[in-house]
Amino acid sequence: MPDIKIRAKLRGDETTVKCLMSHPMETGLRKDSKTGELVPAHFIQEVVGKYKDQVVMTASWSGGVSKNPYLSFKFKGGAVGDPIEIAWTDNKGESSSASDTIS
Amino acid sequence: MIDAKRRILLKGSLAAGSIGIAAGAGLLTPGRVLAEWNETAFRAKDIPTALSSLMGADDAEISDKIKIKAPDIAENGAVVPITVETDLEGVTSIAIIASGNQTPLIASFELSPIALPFVATRIKMAKTADVVAVVKAGDTLYKNAKNVKVTIGGCGG
């Protein structure tokens, strides 16, 4: 299963980007129900959304964003076939990115 | 003899424990990896501390030009869909705060000049509380809030 699913749609002169990322988003405050021990923090800290290599949106997150995060943003412009890239980095330094084209 | 072994075992587990703490401390300093992630803001237990670190001021002017779309009642606090949209001009950033959470600042979005003042995501809410959206437009901070009733808290325990 891909890490990040992206859908970018052009309507009028606005592009709406929607994406879903696979990530546990552990706050570090949750206790394991079996062992009673705290589950270590593991969450996405930064998400960068790019249109044609140009940064449109940078999100900074805490562990308060839900598991398998959903994110949507919009920008002016865009054309069908233009590339959109989403990249995230988490608190362990792990990262992932994916790209798609505007439809 | 038995006692000596016990000592060794204790020493061993203590050492393992301190390695764990060191690793934990390492994780708490993500500044090495990401320059932009604002640790002070995201670890703040209260909204003014989070806001002053994130936006440079501890309060904002209330504006009904900020529209927060969120459910009136969230049955599951682990997944509460939030959309923030505004028709304020010159928006450079949007922050989402769950005022009842242990660390209230959930997310902050930096928007480029071509980005429209719109963000949507899903957040965790520990209990019934106001969701506050803070918008920076020009040099001014604006905010609005919407109460969300949470039936089951979403921060585990």
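In this predicted model, chain A and chain B together bury about 2,900 Å², and 57% of that area lies on carbon and sulfur atoms. The size of an interface is often expressed in this way, as the accessible area that is lost when the parts come together. On the side of chain A, the strands β2, β3, β4 and β5 each supply at least two residues to the surface that touches chain B, and β4(A) gives the most, with 8 residues. Counted by residues, the contact draws 37 from chain A and 33 from chain B. With regard to polar groups, 17 residue pairs are found in polar contact across the interface of chain A and chain B, both residues of a pair being at pLDDT 80 or more, whereas the count of salt bridges between the two chains is 0.

The two chains also share a sheet. Strands of a sheet pair through backbone hydrogen bonds, in either a parallel or an antiparallel manner. Here 6 strands form an open sheet with antiparallel pairing, in the order β1(A)-β2(A)-β5(A)-β7(B)-β4(B)-β2(B). The edges are occupied by β1 of chain A and by β2 (66-69) of chain B, and because each of these has a single partner strand, one side of each is left without a neighbour in the sheet. Between neighbouring strands of this sheet the average turn is 15 degrees, with direction ignored.

Within the part of the sheet contributed by chain A, the pairing can be followed strand by strand. Strand β1 (residues 4-11) and strand β2 (residues 14-21) of chain A run antiparallel and are joined by 8 bridges; Ala8(A), for example, has Val17(A) in β2(A) as its bridge partner. The hairpin of β1(A) and β2(A) has 2 residues between the strands, and in this hairpin Gly12(A) takes a positive phi near 65 degrees. The strand β2(A) is in turn paired with β5(A), again in the antiparallel sense, over 7 bridges. Along this pairing, Lys18(A) has Ser72(A) in β5(A) as its bridge partner, and Leu20(A) stands opposite Tyr70(A) in β5(A). In a regular strand, the side chains alternate between the two faces of the sheet.

Positive phi values are also found in chain A at residues other than glycine. One of these is Asp53(A), with a phi near 65 degrees, which is found in the loop between β3 (44-51) and β4 (54-61) of chain A. The relative accessibility of Asp53(A) is 67%, and this residue therefore counts as exposed, the cut-off being over 50%. Another is Asn68(A), which is not a glycine and yet has a positive phi of about 50 degrees; Asn68(A) lies in the loop between β4 and β5 (70-76) of chain A. With a relative accessible area of 33%, Asn68(A) is partly exposed.

A further loop residue, Asp82(A), is placed between β5 and β6 (83-90) of chain A. Its relative accessible area is 13%, so Asp82(A) is buried, a term that applies under 20%. When its neighbours within four places in sequence are left aside, Asp82(A) is in contact with Tyr51(A), Lys52(A), Asp100(A), Thr101(A) and Ile102(A). The three loop residues thus cover the three classes of accessibility, because Asp82(A) is buried, Asn68(A) is partly exposed and Asp53(A) is exposed.

Definitions and conventions. Residues are numbered from 1 along each chain as its sequence is written. Chains are lettered from A and ligands numbered from 1 in the order in which they are written. This is a predicted model: local features need pLDDT of at least 70, side-chain atom pairs count only at pLDDT 80 or more; totals for chains, interfaces and linings use all residues. Side-chain values use heavy atoms; hydrogens and water are left out. Helices (H or I, at least four residues) and strands (E, at least two) are DSSP runs, numbered from the N terminus. Buried means under 20% relative accessible area, exposed over 50%, partly exposed in between (1.4 Å probe, protein chains only). Two strands pair if DSSP finds at least two bridges between them. Axes are lines fitted to C-alpha atoms, for helices over the stretch in contact, and angles run from 0 to 180 degrees between N-to-C directions. Contact means heavy atoms within 4.5 Å. Buried area is the accessible area (1.4 Å probe) that two parts lose on being put together, summed over both. A salt bridge is a side-chain nitrogen of Lys or Arg within 4 Å of a carboxyl oxygen of Asp or Glu. A polar contact is a pair of N or O atoms within 3.5 Å; within protein, one must be able to donate a hydrogen and the other to accept it, and residues adjacent in sequence count only if both atoms are side-chain atoms.
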